[in-house]
Amino acid sequence: MNENVTVLVVDDEDYIRDSVKIILETEGFHVICTDNGKEALDILSAHYVDIVLSDIQMPEMDGITLLKEVKNRFKDVEILLVTGYPSLDSAVESVKIGAFDYITKPFKVDDFVNKIQKALDSKKLKRQVLELKQIVSIYDSSNFFSKTLNHDEILSQLQSVIKNELKISSFYIKLFTRQIEKAHNFDEDFKNFLNDKFSYKRSLITFSENESKIGHYKKNDQDINYIILPMFGTKGLWGIFAAYNKGAHTFRDIDVNVLNIYVSQCSMALQNSLSYEDLSKGYAETITSLSKAVDAKDHYTRGHSENVKNYSLMIVDEMKFNEEFRNLMFYAGLLHDIGKIGVPIDIIIKPGKLTDYEYGEMKKHSIFGKEILEPIEFLGDVPQYVLYHHEKINGTGYPYGLVKDEIPLGARILQVSDSFDAMTTDRSYRPRMKITEAVQELDDCTGTQFDPEIVKAFKSALKGDGII
Ligand SMILES: [Fe+2]
């Protein structure tokens, strides 16, 4: 039952090393021996060891120093110190700084084996606690996955859990159908090997039974144990996940199961996020075309919606609003005049001043815009921004004469960017203003027509871009 347990025996006296080796091998343990602490650390870096059994008094590096190093660098390893009576004090001290126990020389075989068995039980218990923590973190992670549709956030979360909770030092993820791959601390040669041996076609055959591939190789004298898992989407295999640890055990069943569940969750979350991104991109393209069609009704306003979108995003970025609001303002900028579809073309392209009736018809475009956009769920508050984009903060705007904060923030931003673009481009009834004159106009109307904070941010963004 102890054949998978490796004990590293560190003692500078040959006969003790040899006798301990014989005792432990009789009990079925796998034993590695060394006569000094420094070599012990090298062995620990290259091979997985369950338990270190070290003498305290040794030349070069004593047992206490080795203990401190082991506790610092190899947290999963239990260490027992062996001591003669004269150094019992330091043995007691060693337990305080992290040794599992100490064994006094000369030792009885039964006591000796018993202490090692107890150290193994303790290690097993710690491992179970760790596994429980891993399962909890995977549960938390799946909650996180269900709340985000951003593939970068999903990959960052994956990296954090793999590294911090599952204690895996290196991983690589690659999607066959997308230009998406992420590597963390991953060996380049191994990545090339994967790209060669686990291409899409080869993986289809290799992973036909949804099995993970576990393997082992040596590099620079270090043991490297790896695992390769298929990633499945709704249309079948669409990526691979690979991970490895240096100097560690082969991945055990529990590790494989936990990883399998986690990678599947991540795969589905990635697929949802990428589908959503595709859909959003499709919408954005459709909406951009639609906004161009509206602007094209009047050649003077060609490019107007694109400009309003760009100015609005400059304000959003300057005021450091979040990504969600930024997305809404992208659409709001492009779509603010969409309601002009419902306004007669001869009013829209009329070169001179509009009559009161015509102006009344023109003013309806903000209500038409809101009605057109309202059924589109993913646009969130955009219909509201469109409805109120001609409101002014002193209450003299339309359609409702709202004041200050009654006007939604998105509409107040549109009001500034829309007016600035209108002022700085030619119209049928007047030529464009110079940029400096338009900025002066913004200043003059700040506090009456425009929100002062937004004008301030817009001017700062224009300065930052070298426009003023
Ligand atoms: Fe408008």
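**Why these labels fit**

Me: Why does Glu318 count as partly exposed?
Reply: Glu318 has 19 C-beta neighbours inside 10 Å. A residue is buried at 20 or more and exposed at 12 or fewer, so Glu318, with 19, counts as partly exposed. Keep in mind that this is a predicted model.

Me: Where does Glu318 sit, and which residues does it touch?
Reply: Glu318 is in helix α10. Leaving aside residues up to four places away in sequence, it touches Ala457, Ser460 and Ala461. Glu318 and Lys456 are 138 residues apart in sequence, yet their C-alpha atoms are 9.7 Å apart in space.

Me: What makes α10 and α11 roughly antiparallel?
Reply: Look at the angle: α10 and helix α11 (residues 323-335) pack at about 155 degrees, with their axes 7 Å apart. Angles over 145 count as roughly antiparallel, and that makes α10 roughly antiparallel to α11. The contact is made by Ser305, Val308, Lys309, Ser312, Leu313 and Val316 of α10, with Phe325, Arg326, Met329, Phe330, Ala332, Gly333 and Leu334 on the α11 side. As for handedness, α10 and α11 cross in the right-handed sense.

Me: Why is α10 called oblique to α16?
Reply: Helix α10 (residues 304-318) and helix α16 (residues 409-423) pack at about 130 degrees, with their axes 9 Å apart. An angle has to be over 145 to be roughly antiparallel, while 65 to 115 is roughly perpendicular, and the value here fits neither range. That leaves α10 oblique to α16. This crossing is right-handed. On the α10 side, the residues that meet α16 include Tyr311 and Ile315; on the α16 side, Leu414 and Phe420 are among them.

Me: How do you know whether Asp55 is buried or exposed?
Reply: Count its neighbours: 25 other C-beta atoms lie within 10 Å of Asp55. The cut-off for buried is 20 or more, so Asp55 is buried. It is found in strand β3 (residues 51-55). Its contacts, not counting residues up to four places away in sequence, are Val10, Asp11, Asp12, Gly63 and Val82. An unreviewed UniProt entry annotates Asp55 as "modified residue: 4-aspartylphosphate".

Me: And Asn185 and Lys404, what makes them exposed?
Reply: Asn185 has 12 C-beta neighbours inside 10 Å, and Lys404 has 12 as well. The limit for exposed is 12 or fewer, so Asn185 counts as exposed, and so does Lys404. Asn185 is in the loop between β7 and α7 (188-197), whereas Lys404 is in the loop between α15 and α16. Neither is a glycine, yet phi is positive in both: near 55 degrees for Asn185 and about 35 degrees for Lys404.

Me: How do you know that β9 and β10 pair, and in what sense?
Reply: Two strands pair if there are at least two bridges between them. Strand β9 (residues 222-233) and strand β10 (residues 236-246) have 10 bridges, in the antiparallel sense, so they pass that test. Tyr226 has Tyr244 as its bridge partner in β10, and Pro230 has Ile240. The two strands form a hairpin with two residues between them.

Me: How many bridges link β8 and β9?
Reply: Seven, again antiparallel. Ile214 stands opposite Ile227 in β9. This hairpin also has two residues between its strands, and Asn220 takes a positive phi near 50 degrees there.

Me: What makes β7 and β8 the edge strands of the sheet?
Reply: The open sheet has five strands in the order β7-β6-β10-β9-β8, with antiparallel pairing. β7 (181-184) and β8 (213-219) each pair on one side only, and they are the edge strands. From one strand to the next the twist averages 15 degrees. Helix α9 (residues 253-295) packs on the sheet, touching β9 and β10, and its direction makes about 45 degrees with that of β9.

Me: Which peptide bonds are described as cis?
Reply: One joins Lys105 and Pro106, with omega about -5 degrees. Another runs from Tyr398 to Pro399, with omega near 10 degrees. Pro106 lies in the loop between β5 (101-104) and α5 (109-147), and Pro399 in the loop between α15 (382-387) and α16.

How values were computed: Residues numbered from 1 in each chain as written. Predicted model: local features only at pLDDT ≥ 70, side-chain atom pairs only at ≥ 80, totals over all residues. UniProt positions renumbered as here; feature names shortened; annotations may be inferred. Helix = DSSP H or I, 4+ residues; strand = E, 2+ residues; numbered from the N terminus. Contact = placed C-beta atoms within 7 Å. Axes fitted to C-alpha atoms, helices over the stretch in contact; angles between N-to-C directions. Parallel < 35°, antiparallel > 145°, perpendicular 65-115°, else oblique. Left-handed = near helix turned anticlockwise from the far one by under 90°.
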